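The following exercises concern a ligand site, an aromatic pair and the empty space in a protein model. Please work through each task before reading its solution.

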Amino acid sequence: MATLSDFLMTSSIQLFIPGPVNVSQKTRNAFSRPMIGHRGNDFKKLYASCQPRLQALFQTERPVYISTSSAWGVMEGALRNLVQGKVLHCMNGAFSDKWFDVAERCGYHAEKLQVDWGNPITPELLRARLEQGDIDLVTLIHNETSTGVLSSLKELAEVMKQFPNIFFVVDTVSSFSTIPISMDELGIDVMLTGSQKALALPPGLALFSVSQKAMERAAKIKGRGYYFDFLEFQKNHEGDMTPSTPSIGHIYALQSKLDDIFEEGIHERYARHARTNKLVHDWVKHHGFEFFAPEGYRSLSLTCVKNNKEVDVAAWIARLKEKYHTIIDGGYGKIKGTTFRISNMGDETEETVSQLLSWLDDVR
Ligand SMILES: *Cc1c(COP(=O)(O)O)cnc(C)c1O
């Protein structure tokens, strides 16, 4: 948990951008522990110690694999392991739009289910397209980090259950561990997350789990390659190892973070995110700003604010950085400047988020 002294004493820049987020001193200490061999018993113990707690966070009985890559590695890898026919990409922001691009670059037949940035993917839209047939796999970004839109995974998963032959791949990079997501109950075939967003670890690690049905499909796919081959992950997992040499520092950091999460309690962690998110929301309303996302679909781990007051966002952030060594994000891609984003992911508390908001007021 970040303390105010952590926050003030470090000379580095405090990150309230939606990733990478602040990494605590405790996590950084774990990250920099001495190396061990990745085929020895110490590593196997380290790996095994993470497993039950990762399964609890994913709410799955399936193994959770650890990939030394950013999330995009597994996002591309999921396609390479599973796709046999047409891929449908639910698209409503920068990350979901890019996933379509990645599928095309891999040579797959990809189709867009596009809504305007700022809107959620609705179950009606998904159902209408799937009823037309011809889709092999669906990709969804649960929490579009670029727009602060949280689609209703529960409703979308209900639709997917009516099409049991279609694979459902879900990116939970910026929602994982901030709200409950039950992989098994929702019938998700591949659920993945990255290290540097909601988990507040250094960038460069991804976590993912694969349903039995998806494993069986992968076994039939030719050209899965090696680095992201799900079958290699499973084979090595059976011996508490990863296919290739992993970033061991990251796994120490993950172990330390899992200690933090379960010491705090998962439900308390969810509740803390709800409280810090509400602080930001209250601040937005109090200042006469608007939300980029419609009510009912607002992310709980970050807030994308519409710059309806036409503030010079870049200059504002520059003053925040200069005076308080802290930054927020000035908007992603085509909505840079017309929106800005404040993250409450990771270890942030009511104390640190309140401090940020008062500093934003001070340098306004
Ligand atoms: C940041 C992000 C990614 C990409 O993560 P990388 O670590 O850059 O691979 C993917 N999806 C979402 C929703 C993200 O926020």
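The exercises below refer to this predicted model.

**Exercise 1. Determine which residues surround the ligand and how the shell divides by class.**

Step 1. Collect the residues with a heavy atom within 4 Å of the ligand. The shell consists of Ser70, Ala71, Trp72, Met75, Phe95, Ile141, Asn143, Thr145, Asp171, Val173, Gln196 and Lys197.

Step 2. Sort the shell by class. Six of its residues are nonpolar, four are polar and two are charged.

Step 3. Assign the shell to secondary structure. Helix H4 (residues 71–82) supplies the largest share, three residues.

**Exercise 2. Identify the N or O atoms of Ala71, Trp72 and Lys197 that lie within 3.5 Å of a ligand oxygen, and state how much of the ligand the protein covers.**

Step 1. Consider the backbone. A polar backbone atom of Ala71 is 3.1 Å from an oxygen atom of the ligand, and for a backbone N or O atom of Trp72 the distance to a ligand oxygen is 2.9 Å.

Step 2. Consider the side chain. In Lys197, a side-chain N or O atom lies 2.6 Å from an oxygen atom of the ligand.

Step 3. Evaluate the cover. On its own the ligand has 390 Å² of accessible area, of which the protein covers 89%.

**Exercise 3. Classify the aromatic pair of Phe95 and Tyr332, and explain which parts of the chain it ties together.**

Step 1. Search the whole structure, which yields 14 aromatic pairs.

Step 2. Examine the geometry of this pair. The ring centres of Phe95 and Tyr332 are 5.4 Å apart and their planes are at 55 degrees, a tilted arrangement.

Step 3. Locate both residues. Phe95 belongs to helix H5 (residues 94–105), whereas Tyr332 is in the loop between strand S13 (326–327) and strand S14 (339–343); the pair therefore ties together parts 237 residues apart in sequence.

**Exercise 4. Describe the largest pocket and the largest cavity by volume and lining.**

Step 1. Begin with the pocket. Its volume is about 280 Å³. Among its 15 lining residues, Leu153, Lys154, Pro180, Ser182 and Leu186 are the closest to the centre.

Step 2. Assign the pocket lining. Helix H7 (153–161) and helix H8 (183–186) are the elements that give two or more residues, and H7 gives the most, with four.

Step 3. Turn to the cavity. The search finds one cavity of 30 Å³ or more, and the largest cavity holds about 60 Å³ of space. Its lining includes Ile66, Tyr227, Phe233 and Pro246.

Step 4. Set out the classes. The pocket lining has six nonpolar, five polar and four charged residues; the cavity lining has five nonpolar, five polar and no charged residues.

Technical notes. Residues numbered from 1 in each chain as written. Predicted model: local features only at pLDDT ≥ 70, side-chain atom pairs only at ≥ 80, totals over all residues. Heavy atoms only, no water. 1 Å grid on protein atoms, 1.4 Å probe; cavity = no way out; pocket = protein on both sides within 12 Å on 5 of 7 lines; lining within 4 Å. Points joined across faces, edges and corners; volume = space filled by probe spheres on them. Nonpolar A, V, L, I, M, F, W, Y, C, P; charged D, E, K, R; others polar. Polar contact = N/O pair within 3.5 Å; in protein donor to acceptor, adjacent residues only side chain to side chain. Areas by Shrake-Rupley, 256 points an atom, 1.4 Å probe, with all protein chains shown as cover. Phe/Tyr/Trp six-rings, centres within 6.5 Å; stacked < 30°, edge-to-face > 60°.
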